Amino acid sequence: MLFLLSGSWAVAQEAKTATIEIKTSAQCEKCKATIEKAMAFEKGVVKSDLDVETKVLKVTYKTARTNPETIRKAVSMAGYDADDVAADPKAYSSLSDCCKKPEDRQDEHAGHQ
Amino acid sequence: MKQKHFILIFLLAVMSVRVLYGQTIIKGQIYESSDQAKLVVLPYANIYWEGTQTGTVADDNGRFSIEQPSKSVNRLIASFVGYQNDTILIQNQRSVEFKLRKGQSLGEVEVKERMAGSFISSLKPIKTEVITTAGLQKLACCNLSESFENNATVDVGFADAVTGAKQIQMLGLAGVYSQLMVENIPFTRGLGSAFGLSFVPGTWMESIQVSKGTSSVINGYESTTGQINAEFRKPDNTDKFFINLYGNNEGRLEANVHASSIIREDKLSTLLLGHVSTQFRKIDMNNDGFLDQPLARQINLSNRWSYEKHGVMESKFGINFLRDEREGGQLMQRKTDEAIQAGDYVIKSATQRIQVYDKTGFIFHSLPNTSLGLIFSGLLHDQNSNFGLNDYDARQIGFYGNAIFQSQIGSEAHTYNAGVSFMYDNFDETYRDSSFNRIESVPGAFAQYTYTHGTKLSVIAGLRLDHHSIYGTIFTPRVHFKLALAENTVLRGSAGKGYRSPSILAENTGILVSSRQLHFSGNFKMEEAWNYGVNLTQTIPITDKRKAVLSADYYRTDFVNQVILDLDKDYQHIYIYNLEGKSYSNSFQVNAEIGLFEGFDLSAAYRLNDVKVTTAGVIRQRALISRNKGLLTASYSTRFEKWKFDFTGQYNGRTRLPLNVPALAAAGYGEFSPDYITIHLQITRKFKKWDAYAGVENLTNFVQHNPVLGADNPFGSDFDAGMIWGPLLGRMYYGGIRYLIKH
């Protein structure tokens, strides 16, 4: 089973990659982790990096295995807007308070001690 | 086979529900900050109001409730060692959720990517190691008996060479001296001792808490050497659906399925846990004609319910059903029935268990910190078995009830528990042509006082008084303390008494698979021992994200009375009698855990057990117990745990073998068994919705040679399959998948 996995990996490594930038609704470091984790487990994604300041997510992916549309959809399913694709409502509602858009927050966190 | 009685009993139990009076009570739950959608509960964290001494400790599920002393005190802080503090400003909300991030940095926001496999709770006065789901998944197979391979505190080994029964040891003493509980309900009392560990499927468990030494008097007079409590998955906070499929090259297949449904949000939920497994391949690596492990089939079902009336009461109840069948012995050539016909040595065992339970907690709003918990459990255990020509049939009808009241005296610094309990067991055992019927009924009362001075000092003093229908009055005193010597240095100690009533046949399957004659002498008394222990835990922060934890402990157990199985007197008998002389155990252990670099954890432990007992009139090292043990574990995971690699290496020292056994000498043994090393490896790959894992157990392929003495003549005088000191199964490869759907 392991050999099979590593085999398919080796083949996939050789494929062509491309990089896109997606404007998200990320709010904080926690959102960065959520989104980057979602990307890490997304098929075809090689690398991702979210800049919290600009809310821009940079994704490097294998062109043979996925496309920008699928990646935006995955960001949406993690609970965040991705360019013109709105966040999946169910995923958004289960985000912790600090990751929601300011107008939707209930609690005010006083910050870390 | 006797007529079956089904007794349905209802009961209740408790959780430490703490509630407070006054105008404002804040309830909440604490999680580990995690980037997954699924929240991981963080138990035992501290919660306190900024600038005050008012605080509380979250329970096993990370739940807490705390009173707001006044509107001006409005910053609620959650803290836990190894995690960053978090503060929530309380305005009008009555319920809050904390998500604590790992690491001790102050300013920087740190992202938690991994969950520790195990940790030592820094707050409980009783030192408690918590094995988390992540820890349980490091060794994917199969049930509670495999959950301790990477833990130095608990040893697990086969009880004999044919039935597949496994037994644990703590402090170098048999597992029966520690108390095994599932959700704080005694689990393997009486007949459950033999195969009980294999009745708890690995994936059902959310966590296991292990504590050494005597534990709180609340749970009874048992737990002389320690307590193990397994928490199952909870209906109200588990995945919607989970399936685990497992297989290995020795012919074991296993499936675990969990399905949960929230019927009414925050009110009523239910969870169905299912397990089926089979050992279908006949394996005889050592060519002695005996199966190395029995053919087995098990079906195990549990339906759990959770009901909550917010702020008033909480109830968890359910029913468990199990059927377990195994067939072992000389089955390489023939089918079971044919082998019996042909006069071969065959063991057969069929066990059925039904358990119902209820744990209910009530909260009193008129008094601060006051609650009442009720626990009830009813058990029917029925076992029919043959060991060669010997039949052993047993049935136990048991009832357990415990009512625990908790409140405070004046302030939160002084809390107490008091309550009453009742245990009833009706045993009906038949071995060959002797029957061992007995009814044990034990009403009891207990009280326990806890003094807490912030996080610095806590002291627990407890007493219980029970009246046993056979053994009379039992008085159990116990004390525990925890003292924070410095910010990262914690000293703990305990002293107390433990008792248990012996169930000789059920607890020692090894003596049933031997030609040795059992020779019982005297009326057995209750087993009784003192246990004392100290331990020191030192946490050393290395960087924001990594730390080292060093700990050392020493425990001594001194038996006042013990039922001795004397294997040393002569090889044709096993003499069973009350202790004449001394019996004690000294156990010394050191542990070091260190996060070497991001994603890489290393732990090492060394343990010395000096266990002595008087057999054949002389005090000597207890047979088949190894004096030295070493453990090394390493775990590496890539970012987001996409790949995970786990290594577990164990060194087990030699053990003393029983004296004057010609068959041992004939098999080439001297005074001691050899020492050996075992290694387990596992690789896990996480995908979006599922995980795949593969591994190898016992990589060094070390097995005990000649585990069945006199295997060529099982009805002759040399036959003995009960002298086990090492692994019975060779190198084994396994793999499996887990798939889950979240709510």
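Over the ring of which residue does the charged end of Arg556(B) sit? I looked this up in the predicted model and found that the ring belongs to Tyr584(B), with the charged end of Arg556(B) 4.5 Å from its centre.

I then noted a second contact of this kind, in which the charged end of Arg500(B) sits over the ring of Tyr177(B), at 5.6 Å from the ring centre.

Next I turned to rings paired with rings, for which the count over all chains comes to 28 aromatic pairs. I took up Phe64(B) and Phe98(B), whose ring centres are 6.1 Å apart with the planes at 40°, so I entered the pair as tilted, since that class covers angles that are neither under 30 degrees nor over 60. I located Phe64(B) in strand 5 (residues 63–67) and Phe98(B) in strand 8 (residues 95–100) of chain B, so this pair ties together parts that lie 34 residues apart in sequence. I also checked accessibility, and both Phe64(B) and Phe98(B) are buried.

The pair of Trp204(B) and Phe232(B) I recorded as edge-to-face, with 5.6 Å from centre to centre and 90° between the planes. Here Trp204(B) lies in the loop between strand 15 (185–186) and strand 16 (205–212) of chain B, while Phe232(B) belongs to strand 17 (residues 226–232) of chain B, so the pair ties together parts 28 residues apart in sequence. I found Trp204(B) to be buried, and Phe232(B) is buried as well.

Last, I looked for rings grouped beyond a pair, and I wrote down one aromatic cluster formed by Phe597(B), Phe600(B), Tyr636(B), Trp643(B) and Phe645(B).

Terms used
Residues are numbered from 1 along each chain as its sequence is written. Chains are lettered from A and ligands numbered from 1 in the order in which they are written. This is a predicted model: local features need pLDDT of at least 70, side-chain atom pairs count only at pLDDT 80 or more; totals for chains, interfaces and linings use all residues. Side-chain values use heavy atoms; hydrogens and water are left out. Rings of Phe, Tyr and Trp (its six-membered ring) pair if their centres lie within 6.5 Å; planes under 30 degrees apart count as stacked, over 60 as edge-to-face and the rest as tilted. Helices (H or I, at least four residues) and strands (E, at least two) are DSSP runs, numbered from the N terminus. Buried means under 20% relative accessible area, exposed over 50%, partly exposed in between (1.4 Å probe, protein chains only). A charge sits over a ring if NZ of Lys or CZ of Arg is within 6 Å of the ring centre and within 35 degrees of the ring normal.
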